[in-house]
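Visitor: Could you take me through one part of this model up close? I'd like to look at the disulfide and the strands around that part of the fold.

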Amino acid sequence: QVQLEESGGGLVQAGGSLRLSCAASGSSFRINVMGWHRQAPGKQRELIAHITSGGSTAYADSVKGRFTISRDNTKNTVHLQMNSLKPEDTAVYFCYVVASRAWNTYEYWGQGTQVTVSS
């Protein structure tokens, strides 16, 4: 089992910044992909950014150029720096990881952290 602990959500004005963090813990697992989804009220959950263990990144068009994902492999931690926030970024943000052990691959999700951007 991999546990994920998220931090950094909150309330910010439009144009402001927030930094989300997520720490993964779980013995004998190799953490492969780490990333973030978000879900706004009445909308489907969407993938917004992910990063591989090798450092390759991908972003949703809606956040490209404003959000930056990074990770510390020594601490199994992923960060999401969110700049130039807009009211439409308001959502619950979920950390997720793809981890492997032996020949099996697993996906784990955090509980979510609320981000609210006021206009």
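Guide: A quick ground rule to begin with: a pair of cysteine sulfur atoms counts as a disulfide when the two lie within 2.5 Å. Keep in mind, too, that this is a predicted model.

With that cut-off, the structure holds 1 disulfide. The partners are Cys-22 and Cys-95, with an S to S distance of 2.1 Å. The torsion about their S-S bond comes out at about -80 degrees, so this disulfide is left-handed. In sequence terms the link ties distant parts of the chain together: Cys-22 sits in strand β3 (residues 18–25) and Cys-95 in strand β9 (residues 91–101), 73 residues apart. As for exposure, Cys-22 is buried, and Cys-95 is buried as well.

Now follow β3 outward from Cys-22. Strand β3 belongs to an open sheet of 4 strands, ordered β1-β3-β8-β7, and the pairing is antiparallel. At the edges you'll find β1 (3–7) and β7 (67–72), each of which pairs on one side only. From one strand to the next, the twist averages 15 degrees.

Let's go over to the β7 edge. Strand β7 is joined by 6 bridges to β8 (residues 77–82), and these two strands run antiparallel. If you want a spot to zoom in on there, try Ile-69, which stands opposite Leu-80 in β8.

So, back to where we came in: Cys-22 in β3 is the end of the disulfide to start from, and β3 has its place in the β1-β3-β8-β7 order.

Methods. Residues are numbered from 1 along each chain as its sequence is written. This is a predicted model: local features need pLDDT of at least 70, side-chain atom pairs count only at pLDDT 80 or more; totals for chains, interfaces and linings use all residues. Side-chain values use heavy atoms; hydrogens and water are left out. Two strands pair if DSSP finds at least two bridges between them. Axes are lines fitted to C-alpha atoms, for helices over the stretch in contact, and angles run from 0 to 180 degrees between N-to-C directions. Buried means under 20% relative accessible area, exposed over 50%, partly exposed in between (1.4 Å probe, protein chains only).
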